[in-house]
Protein chains: 2
Amino acid sequence: MLALTILGNNSAIPAFDRNPTAQVLQTQEESFLIDCGEGTQMQLSKYKIKRSKINHIFISHLHGDHYFGLIGILTSMSLLNRTQDLHLHAPPELEQLITLQLNFAATHLCFNLHFHPLQKEGLIVDGNKMTVECFKVKHRIDCWGFLFREKKKPRKLDAERAKIYEIPAAFYDNLQMGEDYVTKKGTIVPNEEVTTAASKGKSYAYCADTIFDESLAEKVKGVDLLYHETTYLKDLHERAAARFHSTTVQAGTIAKKGEVNRLLIGHFSSKYEILDEFLQETKEVFENTELAIQGSCYII
Amino acid sequence: MLALTILGNNSAIPAFDRNPTAQVLQTQEESFLIDCGEGTQMQLSKYKIKRSKINHIFISHLHGDHYFGLIGILTSMSLLNRTQDLHLHAPPELEQLITLQLNFAATHLCFNLHFHPLQKEGLIVDGNKMTVECFKVKHRIDCWGFLFREKKKPRKLDAERAKIYEIPAAFYDNLQMGEDYVTKKGTIVPNEEVTTAASKGKSYAYCADTIFDESLAEKVKGVDLLYHETTYLKDLHERAAARFHSTTVQAGTIAKKGEVNRLLIGHFSSKYEILDEFLQETKEVFENTELAIQGSCYII
């Protein structure tokens with residue numbers, strides 16, 4: 001299971017108590033912070049999300065509404081005497097900024113910050129239970145999407161049946177990984193005889209600021225939850241294109257073509273106080289859509 | 001009259017819904033933003049303070065809790081199509097950071113930002129109705145205090161008496177500036193005969209992060225309102241000194257020696273949830289003390 005909490009759902013200018021973009025994806029073991037607009041550290045406190053469980057931070061691009069809150073979190077973590085390592089996955093230029101800001105303050109972080117520049121598409125985190133891949137999205141400046149997947153879970157062992165086949169306990173781990181058992185006499189016990197498939201690992205794709213780009217559908221194919229930006233309603237598709245953003249209908253189209261299970265939309269322009277129309281318009285294209293609401297937690 | 005609104009009253013780590021340091025000093029005509037911790041632009045919205053009236057921003061020093069919110073305000077002002085010039089008075093290094101952040105975002109501000117590096121003590125703003133001076137305070141890194149003064153107001157003219165003395169109307173401005181009138185026959189009409197003193201211009205001194213430094217008393221001598229940091233209660237004076245901060249008693253002492261009218265204390269450590277003791281301890285040294293409370297407006 002994964003749980004996604006929205007810390008900010010607005011585009012560039014904070015408005016109507018909507019903060020700039022930030023999200024946290026939580027597993028049982030750890031939390032992944034995705035983008036980090038100004039005020040994210042206050043939002044983490046507000047929604048009682050433990051900073052100590054965040055080991056990876058992902059920054060999609062260097063527009064301020066996606067990263068101006070990062071340096072505040074880093075320095076606060078240090079003031080709170082964090083000890084465990086932190087991994088930051090971000091456009092390469094960000095490293096210089098962080099270094100300057102720490103130098104000007106005559107400060108150094110009391111924990112190890114590992115900076116991983118985003119440079120090519122592919123696997124960027126290979127954890128015990130999760131993988132994270134990055135992929136390019138099309139925006140006015142370099143911008144990245146992220147794809148989070150729970151690792152394939154071990155198959156469920158039917159211990160009673162394994163005993164009937166006299167399979168030694170030392171081989172149980174292999175069974176759970178899907179291997180067949182071969183007896184001393186050379187007889188094959190097919191894996192399916194003694195195990196059942198575990199539930200599929202869940203997946204979440206984050207498409208931050210992006211123009212409508214049909215090739216994204218392939219990149220997020222079949223995910224359980226897709227977050228896709230909808231800065232504007234459908235009537236403003238020209239403005240959306242000019243600013244490298246997307247509309248409701250466009251996000252719905254990506255979800256439909258990508259055959260995803262659910263769609264979450266956000267990054268709303270400060271033009272809009274009421275968001276109902278975003279949901280209506282997107283649902284016309286892709287029914288299983290929800291609004292990204294600040295403070296709400298979406299279970300995947 | 002001046003009106004000071006507290007946008008953030010906490011020290012380094014935001015806590016208990018207390019934001020990092022930011023204040024806005026308002027006159028009838030314009031607003032001066034003093035320090036700018038993370039989240040300041042949201043605080044401006046929350047307390048309905050118009051960004052468009054801010055023409056000068058002052059940054060005391062480059063610890064993040066005093067400036068991480070600046071770049072967000074600048075970019076939002078630009079997104080909102082600000083046209084009038086903005087003057088930024090800050091430690092010189094900040095200019096490089098702002099330039100980098102704008103470059104990385106491939107953005108330029110749509111208004112003129114005039115960067116005025118703080119380098120020596122003295123007058124930094126000489127406006128129509130206000131002057132601002134900066135002075136050094138002692139902190140772990142270069143840090144500046146600011147002294148805001150309403151300009152001396154013109155004297156009030158008693159037009160009836162001026163007519164009796166047959167003073168031509170063309171000389172009334174000179175009378176209001178305090179000049180005596182000399183008749184054609186050479187008789188002197190003393191200014192006090194035809195004018196009365198206007199109310200004294202108000203003054204506000206801001207002493208941001210500073211260790212206890214008695215020489216400050218001279219710099220803020222006789223101001224109507226002094227803001228002095230009190231990061232810690234009096235029992236932690238050793239920690240305060242080690243970190244170049246001040247205690248309640250120390251702030252009270254500066255106010256007393258400086259013979260100021262009122263004292264406002266803030267920049268409370270996140271150690272403290274309840275602030276009552278700050279007020280009690282400071283009042284024992286300087287009775288006319290108030291706590292800087294977020295959202296409160298102090299009339300000077």
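In this predicted model, the largest nonpolar core takes in 132 residues, and the members that touch the most others in it are Leu226(A) and Leu226(B). Leaving aside residues up to four places away in sequence, the contacts of Leu226(A) include three alanine or glycine positions, Ala205(A), Ala255(A) and Gly258(A). Val220(A), Val260(A), Leu263(A) and Leu264(A) are touched by Leu226(A) as well.

That a residue from each chain tops this ranking leads on to how the two chains are related. Chain A can be laid on chain B by a turn of 180° with a shift of 0.0 Å along the axis, and the fit has an RMSD of 0.1 Å. This is what a two-fold axis does, so the two chains are related by one. Both copies put the same surface to use, as 100% of the contact residues of chain A turn up again in chain B. As for the axis itself, Gly39(A) is the residue of chain A that comes closest to it, with its C-alpha at 2.7 Å.

Within chain A, the domain assignment splits things in two. Domain 1 is made of two stretches, 3-153 and 199-299, while domain 2 covers 156-196. Taken over C-alpha atoms, the centres of domain 1 and domain 2 of chain A lie 42 Å apart.

Chain A also holds an open sheet of 7 strands with mixed pairing, and going across it the strands come in the order 6-5-4-3-2-1-18. Strand 6 (113-117) and strand 18 (297-299) of chain A sit at the edges, each pairing on one side only. On average, and ignoring direction, neighbouring strands of this sheet are turned by 20° against each other. At one end of the sheet, strand 5 (residues 86-90) of chain A runs parallel to strand 6 of chain A, and 5 bridges join the pair. Ala90(A), for instance, has Pro117(A) in strand 6 of chain A as its bridge partner.

Further into the sheet order, strand 3 (residues 31-36) of chain A carries Cys36(A). Cys36(A) has 33 other C-beta atoms within 10 Å, and it counts as buried because the cut-off is 20 or more. Its contacts, again not counting residues up to four places away in sequence, are Ala22(A), Ile57(A), Ile59(A), Tyr67(A), Gly69(A), Leu70(A) and Ile73(A). Leu275(A) is 239 residues away from Cys36(A) along the chain, and the C-alpha atoms of these two residues are separated by 22 Å.

Notes
Residues numbered from 1 in each chain as written. Chains lettered and ligands numbered in written order. Predicted model: local features only at pLDDT ≥ 70, side-chain atom pairs only at ≥ 80, totals over all residues. Pairing = 2+ DSSP bridges. Helix = DSSP H or I, 4+ residues; strand = E, 2+ residues; numbered from the N terminus. Axes fitted to C-alpha atoms, helices over the stretch in contact; angles between N-to-C directions. Core = buried A, V, L, I, M, F, W, Y, C linked by C-beta atoms within 7 Å. Buried ≥ 20, exposed ≤ 12 C-beta atoms within 10 Å, placed from the backbone. Contact = placed C-beta atoms within 7 Å. Least-squares fit on C-alpha atoms with pLDDT ≥ 70 in both. Domains from an automatic or database assignment.
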